[in-house]
Amino acid sequence: MKTLKVLSALLTYPSSELMAAANELKQALSREGLLGPRQMRAVTELIDEMEEGDLFDLQERYLLLFDRTRSLSLHLFEHVHGESRDRGQAMVDLLKLYEEAGYSPTATELPDFLPLFLEFAAMRPAAESLDLVGQPAHVFAALKERLGKRKSPYMAVFDALIALSEAKPDEVALAALRAEPDPEPDDLAALDAAWEEEEVIFGPGAQQDCGKEGLMAKLRHARRPAPGTPAPPTSAPRVSITTSPSHRN
């Protein structure tokens, strides 16, 4: 699904290559025709801004939004587990899902990095792609609201993702995300407080160290098959991304 590939690219760190590909990105969206007029217009405006903007300014904006502001993190499990130990198990499960589908993500990014997740979804059959994208709809809705508050053109990407999946965000999960702190990047004290968490370890030892909670427990609770396990014949593979109200504890 080319549209998901385009949206994935737009959420990566701005580069001269991305700027040069602006026309190609717009053509891909136009040919596939999956976005509604409002979403297409907003995403096109973002692409135009990237094409015409100053690369240094674009990169600085990206860092302030997505790297420095925790509430806008592009790591999905940041909005589910924070830096709790549950996140390590969730990473293991998601990476297993990727590998069993024949997808080998870059070693420089964690499995829950949103551009990487969207790239994986884009490689799956259409129905499965949209199902995967719809599961974190509450995270996308929260990010859309937070970016809208900042009048950021990146809001268009999350609006497009929600519209594409046609998923209705879980209101309880969305309410939990709305209750999280959302400091501005120039509020240094608030940012320091938001990032002050216990260390979490990812990698080969994560599965053992993180216990049996996390994504697998949430999947069982929701009565859905766990990532990496065979799904029922009539169902597409699922990765459940839900918000734990206590993930900051």
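**Notebook: burial, aromatic pairs and salt bridges**

I began with Arg 70, which counts as buried at a relative accessibility of 4%. I note at the outset that this is a predicted model. I then looked up the partner of Arg 70 and found a salt bridge with Glu 78, the closest N and O atoms being 2.4 Å apart. Glu 78 is also buried, at 2% relative accessibility. I kept one general point in mind here: side chains of opposite charge can pair when their charged atoms come close.

**Entry: other salt bridges**

I searched the whole structure and recorded 8 salt bridges. One of them joins Asp 159 to Arg 38, with the closest N and O atoms 2.6 Å apart. I checked where the two residues sit: Asp 159 is in helix H10 and Arg 38 in helix H4, and the pair links distant parts of the chain, 121 residues apart. I then asked how accessible each partner is. Asp 159 has a relative accessibility of 9% and therefore counts as buried, the limit being under 20%. Arg 38, at 48%, counts as partly exposed.

I next looked at Arg 124 and Glu 128, whose side chains meet in a salt bridge at 2.9 Å, N to O. Arg 124 is partly exposed, with a relative accessible area of 22%, whereas Glu 128 is buried at 9%. I also noted a network in which salt bridges with shared partners join Lys 26, Asp 48 and Glu 51.

**Entry: Gln 39 and helix H10**

I turned to Gln 39, which lies in helix H4 (residues 37-52). Gln 39 counts as buried, at 8% relative accessibility. Which residues does Gln 39 touch, not counting those up to four places away in sequence? I found Asp 159, Ala 160 and Ala 163.

I then examined helix H10 (residues 155-165) itself. H10 is mostly covered, with 9 of its 11 residues buried. Among the buried residues are Val 157, Phe 158, Asp 159, Ala 160 and Leu 161. I looked up what covers them, and the list includes H1, H4, helix H7 (114-123), helix H8 (126-134) and H9. Just after H10, I noted that Glu 166 takes a positive phi of about 60°.

**Entry: the nonpolar core**

I looked for the largest nonpolar core and found that it has 59 residues. Leu 4, Leu 10, Val 43, Leu 114, Tyr 154, Phe 158 and Leu 161 touch the most other members. Phe 158 and Leu 161 are also listed among the buried residues of H10. I recorded the contacts of Leu 4, leaving aside residues up to four places away in sequence: Leu 118, Ala 121, Ala 122, Ser 129, Val 133, Leu 161 and Leu 164. As general background, nonpolar side chains tend to be buried together in soluble globular proteins.

**Entry: aromatic pairs**

I searched the whole structure for aromatic pairs and obtained 8. Tyr 13 and Tyr 62 make an edge-to-face pair, with 5.7 Å centre to centre and 80° between the planes. This pair links distant parts of the chain, 49 residues apart: Tyr 13 lies in the loop between helix H1 (2-10) and helix H2 (16-20), and Tyr 62 lies in helix H5 (residues 55-67). I compared their burial: Tyr 13 is partly exposed at 39% relative accessible area, whereas Tyr 62 is buried at 3%.

I then looked up Tyr 98 and Tyr 103, which form an edge-to-face pair at 5.3 Å centre to centre and 90° between the planes. Tyr 98 is buried, with a relative accessible area of 0%. Tyr 103 counts as buried as well, at 6%. Finally, I noted one aromatic cluster formed by Tyr 13, Tyr 62, Phe 66 and Tyr 154.

**Entry: helix H11**

I closed with helix H11 (residues 171-178), in which Ala 173, Leu 174, Ala 176 and Leu 177 are buried. Why do these residues lie on the same side of H11? They cover an arc of only 155° around the axis, which puts them on the same side. I looked up what the buried residues of H11 pack against and found helix H9 (137-149). At the N-terminal end of H11, Asp 170 acts as the cap, with a side-chain oxygen 3.0 Å from the backbone nitrogen of Val 172.

Definitions and conventions
Residues are numbered from 1 along each chain as its sequence is written. This is a predicted model: local features need pLDDT of at least 70, side-chain atom pairs count only at pLDDT 80 or more; totals for chains, interfaces and linings use all residues. Side-chain values use heavy atoms; hydrogens and water are left out. Buried means under 20% relative accessible area, exposed over 50%, partly exposed in between (1.4 Å probe, protein chains only). Helices (H or I, at least four residues) and strands (E, at least two) are DSSP runs, numbered from the N terminus. The arc is that of the directions from the helix axis to the C-beta atoms. Contact means heavy atoms within 4.5 Å. A polar contact is a pair of N or O atoms within 3.5 Å; within protein, one must be able to donate a hydrogen and the other to accept it, and residues adjacent in sequence count only if both atoms are side-chain atoms. Rings of Phe, Tyr and Trp (its six-membered ring) pair if their centres lie within 6.5 Å; planes under 30 degrees apart count as stacked, over 60 as edge-to-face and the rest as tilted. A nonpolar core is a set of buried Ala, Val, Leu, Ile, Met, Phe, Trp, Tyr and Cys residues joined through side-chain atoms within 4.5 Å. A salt bridge is a side-chain nitrogen of Lys or Arg within 4 Å of a carboxyl oxygen of Asp or Glu.
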